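This report looks at side-chain contacts: charged pairs, a metal site and aromatic rings. Please keep the sequence and the structure in view while reading.

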Amino acid sequence: MLLFRGAGVEVFALTEREGPQRRPEELFPRFDRYLAANVLARMPLSAFAPATGRLMHTYQSFLLRLNQQVILIDTCVGDNKARPPHFGYPKFDWPRTFKQTGITFEDVDHVICTHLHVDHVGWNTVLQDGKWVPTFPNATYWFGEEECACWEAQVKAGDDLAGRIWTDSVLPVIAADRARLVPMNHRFSEAIRFVGAPGHTPGMFRVDVDIPDGKLIFATDIMHQPLQVRLPEWSTVFCTDGELAVRTRKAFLEEVADSGAILFPEHFAFPVAGRIVSVADGGYAYQYLDGQVL
Ligand SMILES: [Zn+2]
């Protein structure tokens, strides 16, 4: 699905799953009924389903055609992988929406993994004759050094899920000699920079893309939900260091507010893209490109 088209750039969303998922009290340890009520009341159905009290949650990747290059940012949960039951939903939407873009797996030049959580690395590999092989045969895959080091430490410590992710979605790419491990704040090209955004995981980074008339920011999991723009103190149960995630989120909101930068937060539902704007109470809000403010 095309989300954005500008000078020399197209951004597509590849959606693996979209729909209601957890209740806010399950996702946010700092949940407060009264604070939440205020914010949720202004959320559209694409962000919150009041009938069930569940937040909408999207698993998606972003596919960019930028000048002559094809870049894929994060790769969802993937297929045929031994994962917790919660990730057992059908996966055919991802390859289907990929195909609709007119771009093939062979066309992908770069795959960028912002962090190594289960829902960001899955389509890195596919099962071929009982072996995991890179899905994008001609691509270079980019990983954060710090993130990989922390993952290796978890695997050594016996973490089962981390071990599976590392073994089926990262190691085969390294073995095929298609991986590049880079430090935080790596300058990928003249226009693209990986900017450290630690907290959700220790080595997570966002991807900033300069375009002729502005800036696109692939904001990964700095925010999981539009609600966190209004309530930046709320980290999720999935954040490794919730306090650091709060500091990263607040600094990020302050940096990009009213700058015109267009954000693509990875778990926001369609139409995804928007900007951070200041609001009268001194905080921030999320404004979709069509002008709607959450
Ligand atoms: Zn995620």
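Is Asp160 buried, partly exposed or exposed? At 48% relative accessibility, Asp160 counts as partly exposed, because the buried class ends under 20% and the exposed class begins over 50%. The model discussed here is a predicted one, and its values are computed from the atoms of that model.

## Salt bridges within and between elements

Asp160 pairs with Arg164 in a salt bridge whose closest N and O atoms are 2.2 Å apart. Both residues belong to helix 5, where they are separated by 4 residues, about one turn of the helix. The partner, Arg164, is likewise partly exposed, with a relative accessibility of 29%. Elsewhere, Arg206, Asp208, Lys215 and Glu255 are joined into one network by salt bridges that share partners.

In total, the structure holds 11 salt bridges. One of them brings together the side chains of Arg65 and Glu10, with 3.1 Å from N to O, and this pair links distant parts of the chain, since Arg65 lies in strand 4 (residues 54-66) and Glu10 in strand 2 (residues 9-20), 55 residues apart. The two partners fall into separate accessibility classes: Arg65 is partly exposed at 31%, whereas Glu10 is buried at 14%.

Another salt bridge joins Arg83 and Asp168 at 2.8 Å from N to O. This pair, too, links distant parts of the chain, with Arg83 in the loop between strand 5 (69-73) and helix 3 (93-100) and Asp168 in helix 5 (residues 160-175), 85 residues apart. Both Arg83 and Asp168 are buried.

## The zinc site

The zinc ion has as its protein donors Asp119 (OD), His120 (NE2), Asp221 (OD) and His267 (NE2), which lie 2.1 to 2.4 Å from the ion. Along the sequence, these donor residues follow the spacing D-H-x100-D-x45-H. Of the donor residues, Asp119 is buried at 9% relative accessibility, and His120 is buried as well, with a relative accessible area of 0%.

Why is the arrangement of the 4 donor atoms around the zinc ion classed as irregular? The angles that they subtend run from 86 to 171 degrees, which makes the arrangement irregular; a tetrahedral assignment would require all angles to lie between 85 and 135 degrees.

## Aromatic pairs and a cluster

The structure holds 22 aromatic pairs. One of them consists of Phe28 and Trp234, whose ring centres are 5.6 Å apart and whose planes stand at 45 degrees, so the pair is tilted. Because Phe28 lies in the loop between helix 1 (24-27) and helix 2 (33-40), and Trp234 in the loop between helix 6 (227-230) and helix 7 (242-256), the pair ties together parts that are 206 residues apart in sequence. Phe28 and Trp234 are both buried.

Tyr286 and Tyr288 form an edge-to-face pair, with 5.6 Å from centre to centre and 90 degrees between the planes. Tyr286 is buried at 0% relative accessibility, and Tyr288 is buried at 3%. In addition, one aromatic cluster is formed by Trp94, Phe98, Phe105, Trp123, Phe136 and Tyr141.

## Charges over rings

Two lysines can be described together with aromatic rings. Lys81 lies over the face of Trp132, at 4.7 Å from the ring centre, while the charged end of Lys91 sits over the ring of Tyr89, 4.4 Å from the centre of that ring.

Methods
Residues numbered from 1 in each chain as written. Predicted model: local features only at pLDDT ≥ 70, side-chain atom pairs only at ≥ 80, totals over all residues. Heavy atoms only, no water. Salt bridge = Lys/Arg side-chain N within 4 Å of Asp/Glu carboxyl O. Helix = DSSP H or I, 4+ residues; strand = E, 2+ residues; numbered from the N terminus. Buried < 20%, exposed > 50% of the residue type's maximum accessible area, 1.4 Å probe, protein only. Donors = N, O, S within 2.8 Å, 3.2 Å for Na, K, Ca; no water. Tetrahedral: all angles 85-135°; square planar, octahedral: opposite > 155°, others 65-115°. Phe/Tyr/Trp six-rings, centres within 6.5 Å; stacked < 30°, edge-to-face > 60°. Lys NZ or Arg CZ within 6 Å of the ring centre and 35° of its normal.
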